[in-house]
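Thanks, everyone. Please have a look at the model on the screen, and I'll walk you through a few parts of it.

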Amino acid sequence: MNAPTYNFAYLDEQTKRMIRRAILKAIAIPGYQVPFASREMPMPYGWGTGGVQVTAAILGPKDVLKVIDQGSDDTTNAISIRKFFAKTAGVETTTSTDAATVIQTRHRIPEAPLRAGQVLVYQVPIPEPLRFLEPRETETRRMHALAEYGLMHVKLYEDIARFGHIATSYAYPVKVNARYVMDPSPTPKFDNPKMDNCPALQLFGAGREKRIYAIPPYTSVVSLDFEDHPFTRYKFDAPCALCGAEDSYLDEIVTDNKGSRMFVCSDTDYCEGRQAAGHRGTESVAPHKEAAHG
Amino acid sequence: MYVAVKGGERAIENAHRLLAHERRGDRDVPELSLSQISEQLGLAVDRVMSEGSLYDRELAALAIKQARGDLIEAIFLVRAFRATLPRFGTTEPVDTGAMRVQRRVSSTFKDIPGGQVLGPTFDYTHRLLDPGLAQGGDPEAPALAETSDVPMPRVTDILGRDGLIEPSPAAETDAPVGDLTRDPLSFPAGRDLRLQNLARGDEGFLLALGYSTQRGYGRNHPFAGEIRFGEVEVEFVAEEIGFAVPLGSIELTECQMVNQFKGSATEPPCFTRGYGLAFGQSERKTMSMALVDRALRARELGEDLIAPAQDEEFVMSHSDNVQATGFVEHLKLPHYVDFQSELGLLRKLRQEFAEANAAPALKEAAE
């Protein structure tokens, strides 16, 4: 039998070169979706294969990797991907946003500001912001080429006409470098302002859809809106119950069968950092700890 | 409890340990060997090789065992392994006309040179559960006959001699073969990429699409010109040697559908082709593939594009079961960050609705 052996960070060097070329092109044309020959990865499509391929292509032996899902380092899929790179690349891993050189994320941008030299790798399920308005790739590529984004503005307008608000709360479309409308991946719109003029390089990988796109450092990223309905960030009613933060995105946790709830930071590293620095909320411990098995 | 989605490192390990335990099942029952799977569940192995795009019976059997018989999971395992293999080049086109045929049927002619050969088939069996098989035991040895040296030309070649069917496009030996696993797909795609996509495509998806063409959604009046299954030689031209050397032989099923004619003021009418090819014995797959291949040629043949099976982007974007299962099943992953922002928005909208409707509510109550 052909017993398999694997290269550093899993992918072979030819594949990494192909992905790096796509990344370079993506950086050169901010917000443009570059097709790439996505490989089958040993985790399922839709579970971060795009992000994993981008990370595998840029990772060097001296990198320090952080992986988050829903803002947290200890969600199952984040653990699974972090272990994958610890095993196949042997790189140092961390949960600290500050200590990481490469951060792979699903659905969140860390609360702590990113700095120059860091790379934030997003896992993207549907890279095409126009997809739910126009299902055909042939059409949407043409619309991007002509910067024909009227359809998106009509959609946002219809939201306002129907609900009184733009009814998009995550994967909120942005315009990058005043040219391409881009899907920020399903991050809550709360995170959109962090993408603008960010010192870190932001890379987006969509494995199943075979697309890579990028926001180079210090690039303008504007959330689409109207003058009379400006983009607003979602604001929580209460601070984090554990660290008292008033500026972070919160998870709502149902604590009993009577509908009691508490709100805690979705970014676990940020929350723990604040608690270590002496900040306290109304509760002392998270309500659920992992049940211990033998 | 689902809350272990956070802080799940040990939960993952234990879940995988339990999975391995469940895969093994009752330890008093003898464990399945790879050769048992490969020999006795041969059609499952064929499907995993076809849709996994890797001709290796042993690895396919291992994948089936590891996947507990879940064939899409097994296909996924094989694909992920295949993606890491280096490429040495492409083989010469296989000659299915020179196939050592085990089965070969045509529904268009009663008799054909080389004859109709039923071979191992479920066709004409009565689907009655066989209690004898539950007991086990060796079946009767197969009936034997003298091997015949009569060549078995493809039925489409017989039609082609009289110009009754469109010629197959000749291979452009200098042009590289498209490979959608190495180059990102763009539309419109060439027929080579369409056929590769269909060959890797999910059997159930292609079956449903092929069936839909028969029921009028892009009807193309097919006849099963020929279905053949058997062994073909695979040859590879090594640069250093300069000529083709045989690498071995593989089992293939080929289906050539003969479909309604095309013609024009300048060209006489002739039948058109739909083509299906798969590893191993995979008749349902190749027949479905041939129907869909023909349906996808609608634009080329100047037919109206009205049905899903004719829609290249729709078919090719959704045929891959590894992609499809990954994305459908990713809904199991936590989405609570997005859900939280939807909750927040919904609460806000409901509150505004309640405020706006506070007065009219009385009127509604009165009605």
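I'll take a sheet, then a helix, then a helix pair.

A word first: this is a predicted model.

Start with the sheet in chain A. Three strands form an open sheet in the order E7-E6-E10, and the pairing is antiparallel. Strand E7, residues 180-182, and strand E10, residues 221-223, stand at the edges. Each has a single partner strand, so one side of each is left without a neighbour in the sheet. From one strand to the next, the twist averages 35°. Now zoom in on E6(A), residues 174-176. E6(A) pairs with E10(A) over three bridges, in the antiparallel sense. Lys175(A) has Val222(A), in E10(A), as its bridge partner.

Next, helix H3 of chain A, residues 76-88. Does its length add up? At 1.5 Å a residue, its 13 residues should span 18 Å, and the end C-alpha atoms are 18 Å apart, which agrees. Its buried residues include Ile79(A), Ile81(A), Phe84(A) and Phe85(A). What do the buried residues of H3(A) pack against? In chain A, helix H2 and strands E2, E3 and E4; in chain B, helix H1, residues 9-24. After H3(A) comes Gly90(A), with a positive phi near 65°.

Last, chain B. Helix H4, residues 57-66, packs on helix H5, residues 71-82, at an angle of about 130°. The axes are 8 Å apart. H4(B) and H5(B) are therefore oblique to each other. The crossing is right-handed. Among the residues that meet are Leu59(B), Ala63(B) and Ile64(B) from H4(B), and Leu71(B), Leu77(B) and Phe81(B) from H5(B).

Note on methods: Residues are numbered from 1 along each chain as its sequence is written. Chains are lettered from A and ligands numbered from 1 in the order in which they are written. This is a predicted model: local features need pLDDT of at least 70, side-chain atom pairs count only at pLDDT 80 or more; totals for chains, interfaces and linings use all residues. Two strands pair if DSSP finds at least two bridges between them. Helices (H or I, at least four residues) and strands (E, at least two) are DSSP runs, numbered from the N terminus. Axes are lines fitted to C-alpha atoms, for helices over the stretch in contact, and angles run from 0 to 180 degrees between N-to-C directions. The expected span of a helix is 1.5 Å times one less than its number of residues. A residue is buried if 20 or more other C-beta atoms lie within 10 Å of its own, exposed if 12 or fewer, and partly exposed in between; C-beta atoms are placed from the backbone. Two residues are in contact if their C-beta atoms, placed from the backbone, lie within 7 Å. Angles under 35 degrees count as roughly parallel, over 145 as roughly antiparallel, 65 to 115 as roughly perpendicular and the rest as oblique. A crossing is left-handed if the near helix is turned anticlockwise from the far one by less than a right angle, and right-handed if clockwise.
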